Amino acid sequence: MGRSDLEIPNDIGCLDTPNLRAQFMSGLGFYCDAWQVSRLFLRDDKRLIRNYIIKRYRLPCSMREIQFYQQDYMELRAQLGPMVPKAMFLQTRVDGEVTVVAVARAVTRWFNIANPTFEDDVVPLLRNLTKARAQLRDFVSAAHRWYESSEMKVIDLYGMDNLVLDNKQDIRYLDSFNVFFYPDTFHAIDEANEVLEEKIAVSRRRLEYLQYLLDQTRP
């Protein structure tokens, strides 16, 4: 749940932050803070409101790193299609530091479908939601392909509400930065990163749980 705030408390070079009414959505992620903003548009004399998520990367970020994040995002979109909200990545200055912000179409989350806490609710629900089950099957298949590829990529299911069922009963993947972990790079790290190892282990267990959900809801 977001909390009500009137503006983003950061000077973001590419955005008119003082005049954006924003709602703080999450500061629990390791890499970024997320804010939701609403914008009014006029189209064919009609007033339209569009909601966006602005994600501020917390660390300095080079153009090469931004291109890496864009590449991951394009791969997500290529494999998962509309399950990944449209987004763009912008290099800018945040409080004087060169970094990146991602601007994405907002999604109204229902609940985290990768969290086993909701199993009793999800199993009967997926049996009745043909489209959502097909989307989940596509996601799980893509995640297995990434893991079995030569790069051995583990999609991030550790983050809070990365994979959700939205209020339109669609499966959506919402992460933007560092969306893949690379287990086979540990040998290149002088000191094993226990936090990273835990994130990979949790992501793998949650993928197994998603496969279990598909098995339990098979027609």
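A residue is termed buried under 20% relative accessible area, exposed over 50%, and partly exposed in between. These terms are applied below to a predicted model.

Two residues other than glycine were examined for their backbone angles. Most residues other than glycine have a negative phi. Gln-169 departs from this pattern, with a positive phi near 65 degrees. The residue is placed in the loop that links strand 9 to strand 10. Its relative accessible area is 35%, and Gln-169 is therefore classed as partly exposed. Asn-178, likewise not a glycine, has a positive phi of about 50 degrees. Asn-178 is found in the loop between strand 10 and strand 11 (180-181). With a relative accessibility of 16%, Asn-178 counts as buried, because the cut-off for that class is under 20%.

Strands 9 and 10, which flank the loop of Gln-169, also belong to an open sheet of 3 strands. The strand order in this sheet is 7-9-10, and the pairing is antiparallel. Strand 7 (109-112) and strand 10 form the edges; each has a single partner strand, so one side of each lacks a neighbour in the sheet. From one strand to the next, the twist averages 40 degrees. Strand 9 and strand 10 run antiparallel and are joined by 3 bridges. Across this pair, Leu-163 stands opposite Tyr-173 of strand 10.

Tyr-173 is also part of the largest nonpolar core, which holds 41 residues. Together with Phe-139 and Leu-210, Tyr-173 touches the most other members of that core. Two or more residues are contributed by each of helix 1 (63-80), strand 6 (97-105), helix 2 (119-128), helix 3 (130-148), strand 9 (163-166), strand 10 (171-173) and helix 4 (194-216). Helix 3 supplies the largest share, with 7 residues.

The contacts of Phe-139 were listed without residues up to four places away in sequence. On this basis, Phe-139 touches Leu-80, Met-83, Ile-155, Leu-157, Leu-163, Tyr-173 and Leu-210. The list thus includes Leu-163 and Tyr-173, the two residues that stand opposite each other in the sheet. It also includes Leu-210, another of the residues that touch the most other core members. Apart from this core lies another, of 11 residues, including Leu-20, Phe-24, Val-37 and Val-103.

Technical notes:
Residues are numbered from 1 along each chain as its sequence is written. This is a predicted model: local features need pLDDT of at least 70, side-chain atom pairs count only at pLDDT 80 or more; totals for chains, interfaces and linings use all residues. Side-chain values use heavy atoms; hydrogens and water are left out. A nonpolar core is a set of buried Ala, Val, Leu, Ile, Met, Phe, Trp, Tyr and Cys residues joined through side-chain atoms within 4.5 Å. Buried means under 20% relative accessible area, exposed over 50%, partly exposed in between (1.4 Å probe, protein chains only). Helices (H or I, at least four residues) and strands (E, at least two) are DSSP runs, numbered from the N terminus. Contact means heavy atoms within 4.5 Å. Two strands pair if DSSP finds at least two bridges between them. Axes are lines fitted to C-alpha atoms, for helices over the stretch in contact, and angles run from 0 to 180 degrees between N-to-C directions.
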